[in-house]
Amino acid sequence: MASLISIGVTGLTASQTALTTTGNNITNANTPGYSRQRANLVTLPEQATGAGFMGSGVQVQSITRIVEQFTIGQLRTNTSIYHAANSMATQFEQLDSLLADSSTGIAPSLQNFFNAIQQASQDPTSVATRQVVLGAAGSLAQRFNTLSDQVAAQTVAINDQVASLTGQITSLSQSIAKLNQNIADQIGSSSGAMPNELLDKRDEMLRQMSEMVDVRVVQNGNMVNVFVGSGQPLVVGNQSNTLSTAPSSTDPSRQQIMFSSGGNTNQDITALVAGGKLGGLVQYRDSGLANVANTLGRIALTIADTMNQQQQLGLDLNSQFGNNLFADINGSLAMTGRVSSAGTNALPADRLLGVRITDTSALTTSDYQLNFTSATGYSLARISDGTAVASGAIGALPATITTPDGFQIELTSGSYQAGDRFIIRPTATAARDMAVSLQKPEELAFAQPISTGASLGNAGGGAISAGITLDTRLASGALQSTFATPGTLTPPLLVRFNTPANTYDILNNTNPAAPVAIAGMSGLAFTPGQNNLVTINDPVSLQPVYSFSLSGNPAAGDSFTVGFNQNGSSDNRNAKGLADLGTARVVGGSVTFADSYGQLVSDVGSRTAELKINREAADTLMIQAQAERDSISGVNLDEEAANLIKFEQAYNASAQVISVARSIFDTLLAAFR
C-alpha cells in the first residue's frame, strides 16, 4: 500500500517537472521556431485495500510539444508564396526605375535624336547640325548599350543569388537528413519519448527552406521526406540530395538549377522550381528580364534597319549614296550570335547556321526553338506560346528556312540529325550590339538622288512632283543599274504629253535631240486635276526604284524631265524622310519607336504595381499563418506566469502532505514509548 509520504513525493516530483517545463517555456519565449511544451500528468495505478481501491500518487507521462501540423504546413506554404512575390516585386521595382528614369531610359535620347534630324533638315548644308545628328545617334546607341548592360548585370546578380540559394538549400537538406536520423535514434533510445528540441529544429529548418523554395513535406514515421519541383526528393529519411547550378545549354549567361541524386546524372529542373526566393528570381529572370531584353532588341533593330534603309535612299554632301548610319543588323557576328544549341549538338564546330533579319516590322519579342526531326526534317515554334512558325525539310546546304516573323534561318554547313535542337533569339542581343557606323557628318544622306523639272516652253498648267526614291540597292548590296553610274540617272527621262493631253509618253532622254520611247510606257492615260503616280522600274532588276506624280492640266506638247540630282547639297527631302521615321508606325508594324518603348515602360510599371499588391496580400497571409501557429505553439507569458503559481502551489501542497505524514508518524512513535 502506498504511503502518504510516497504519494507526496510523487506530487513533488510531478510539480517540479511541470515547473521546469514552464520555466523552459518562459526562457524560450523569443526563440525562433520554439514550440511551447506541456508536462502531461497521469495518476499512478490504484492499489486494492479492504476498503476499496486507493490512489498511489501521480507521475509525468510525457513532455510534449503543442503543435498542429496543418498550421505548420500552411505557414510553410504562405512563407514560400510571400518570398516569391517579394523577390519578384523587388526586382521589378529596380527594373521599373531603370526604364522610366530620364537619365537611364531610352525615351529622352530617342526624342533628342529625331529633334536633331529635324533641326538638321532645315539647313542640310550645315556640317555643324549634321555633327549634332551623329552625336545624338551615338548617345541613343550608347543608351541602348547601357540598358542592355544593366539587364545583363541583373542577370549576373540573379545568377549569383541562385547559386547561393541552391547552396543553402543543399546545406539545409543535409541538416534535415541528419536531424531525421538523430530524432529516430533518440526516440529509440528513450523508449518512444519525443526529442522536442530536435523536432522544433527540424520544423524551423523546413520553414527556412520554404523561404527559399516551395517544398512538399511528407511524414514518414518519425522522419520527414522533402520534395521540390515536380517531385525531386531533396531529403528521403537520413539521405539528402543536392541542388547546384550550371550554365544553361541554351544561354550561357543564365545559370540553370541542377538536381543530382547520388551518382545520377544532373537533371535540369529550372522550369520546375517554383515559390520562395529561388522561384521568384528564376521567374523574373526568365520571363521579365528576357522579355525586356527582347523588346529593347526589337526597337533597336527597327531603328537601325529603317534608318539605314532611308540613308541608302539618299545622297550625302559628296553626291554619294548614303551608307549605313548604324551597324549592319545582319553582320556575320550578329547573325551567328542569334543561335545557340539547346541539346548535345555543338555550335559552331559541326553545324553552322545564322539568323538573318528580313523584315523588322514583322519581328516579335519571342525566342524560338528549332527542332530537327530527321537529317532534313525540321519544325520551328515560338517559345513564348508554342505557336508553330515553320516546318518542312531542308535540301542540300546551304539552305534557308523562311518564317513569317521577320527573319530567316540560314544553314551554311554541317550534318544535322534527328534530335538536334537550337534556340533562335532574333532580338535578344540587338540592344547590346547597337552602334553608329557612320563617322563623318558629310556622309549623312539628306538629299534625294533624283530631281525633276518642267520645260520652260510648257503652255499648260501641269506639274511634276519632286519624286521619291523607293530603292537603290540589290539584295547583294550593289547599286541598282539605274544608279550604278556615278552622277547619272540611267536612263534620264523625258515625260511628253500627246495631243490631246490626256495621254503621255515616257522617253529615254539620253539623247535630248532624239529621245527614244521606253518600251511599254507610251500612251499612258492621264487624269487632269489628280495626282497621277508613275513608278519607274530598274531596266535590269525590274524592281521599282523611284516614283513621281503628274498633276494639274498640262497642254499638248508640254514636257517634264527626270534626272540625277546634281549638286543637290541643299536638298533636304531624304532628311525629312529620316525625320518622319520618328512618327512612323514601324515597330511590330503598328507602333512608333517612342510608343513601343512607352508600352514596355507601362507594362513593367503595371507588373510592378501588381506584384506590390500581391506581395502585400502574401505578407498578410503569412502574418496570419504565423499568428495562427503562435496561438497554438507560441509561448504566452501571462499563461505561463499563471502556471508557475499553480505548479508552485501544487509543489507546496505536496510538501505539506509529506509534512503531515511525518507528523502522523511521529505521533505513532510517541504512543509506543
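Reader: Let me start at the beginning of the chain: in which helix does Leu4 lie?

Author: Leu4 lies in helix 1, which spans residues 4-27. One thing to keep in mind as we go: this is a predicted model.

Reader: Understood. Is Leu4 buried or exposed?

Author: The idea is to look at relative accessible area: under 20% is buried, over 50% is exposed, and partly exposed is in between. Leu4 has a relative accessible area of 37%, so it counts as partly exposed.

Reader: Which residues form a nonpolar patch on the surface with Leu4?

Author: Its partners are Val660, Ile664 and Leu668, and together the four have about 330 Å² of accessible area. Helix 11, residues 637-671, gives the most to this patch, with three residues.

Reader: Now for the interior. What is the general idea behind a nonpolar core?

Author: In soluble globular proteins, nonpolar side chains tend to be buried together. Here, the largest nonpolar core has 107 residues. The members that touch the most other members are Phe113, Phe144, Ile303, Met307, Leu370, Ile409 and Ile424.

Reader: Which helix gives the most to this core?

Author: That is helix 4, residues 127-189, with 19 residues.

Reader: Suppose I click on Ile424. Which residues does Ile424 touch?

Author: Leaving aside residues up to four places away in sequence, Ile424 touches Arg338, Val339, Val355, Asp367, Tyr368, Leu370, Leu380, Phe407 and Ile409. There is also a second, separate core of 23 residues, which includes Phe483, Val495, Tyr504 and Leu550.

Reader: Let's turn to strands. How should I read a hairpin, and which strands should I look at?

Author: Follow one strand, then the residues between, then the partner strand. Try strand 14 (residues 368-372) and strand 15 (residues 377-382): they run antiparallel and are joined by five bridges. The two form a hairpin with four residues between them. To line them up on screen, find Gln369, which stands opposite Ala381 in strand 15.

Reader: What does strand 15 pair with besides that?

Author: Strand 15 also pairs with strand 16, residues 388-393, in the antiparallel sense over five bridges. Gly377 stands opposite Ala393 in strand 16. This is again a hairpin, with five residues between the strands, and Gly386 in the turn has a positive phi of about 80°.

Reader: Which residues other than glycine have a positive phi?

Author: Two examples are worth a look. Ser319 has phi near 60°, and Leu542 has phi of about 65°. Ser319 is in the loop between helix 6 (276-312) and helix 7 (332-336), while Leu542 is in the loop between strand 27 (532-537) and strand 28 (544-553). On the same accessibility scale, Ser319 is partly exposed because its value is 29%, and Leu542 is exposed because its value is 61%.

Reader: How many residues of strand 23 are buried?

Author: Four of the five residues in strand 23 (residues 493-497) are buried, so the strand is mostly covered. Strand 23 has antiparallel partners: five bridges join it to strand 24, residues 503-508, and four bridges pair it with strand 29, residues 559-564. For landmarks, Phe497 stands opposite Tyr504 in strand 24, and Leu493 stands opposite Val562 in strand 29.

Reader: Where are the cis peptide bonds around this strand?

Author: To read these, check omega at the bond. The bond joining Thr490 and Pro491 is cis, with omega about -10°, and the bond from Thr499 to Pro500 is cis, with omega near -5°. Pro491 is in the loop between strand 22 (468-469) and strand 23. Pro500 lies in the loop between strand 23 and strand 24, and a hairpin of five residues joins those two strands.

Reader: One last proline: why does Pro441 count as buried?

Author: Its relative accessibility is 9%, so Pro441 counts as buried, although it is placed in the loop between helix 8 (430-433) and strand 20 (450-454). Apart from residues up to four places away in sequence, Pro441 touches Val127, Arg130, Gln131 and Leu134. Pro441 and Asn318 are 123 residues apart in sequence and 11 Å apart in space, C-alpha to C-alpha.

Notes. Residues numbered from 1 in each chain as written. Predicted model: local features only at pLDDT ≥ 70, side-chain atom pairs only at ≥ 80, totals over all residues. Heavy atoms only, no water. Core = buried A, V, L, I, M, F, W, Y, C linked by side-chain atoms within 4.5 Å. Buried < 20%, exposed > 50% of the residue type's maximum accessible area, 1.4 Å probe, protein only. Contact = heavy atoms within 4.5 Å. Patch = residues over 30% accessible without salt bridge, like charges linked within 9 Å, V, L, I, M, F, W, Y side chains within 5 Å. Areas by Shrake-Rupley, 256 points an atom, 1.4 Å probe, with all protein chains shown as cover. Salt bridge = Lys/Arg side-chain N within 4 Å of Asp/Glu carboxyl O. Pairing = 2+ DSSP bridges.
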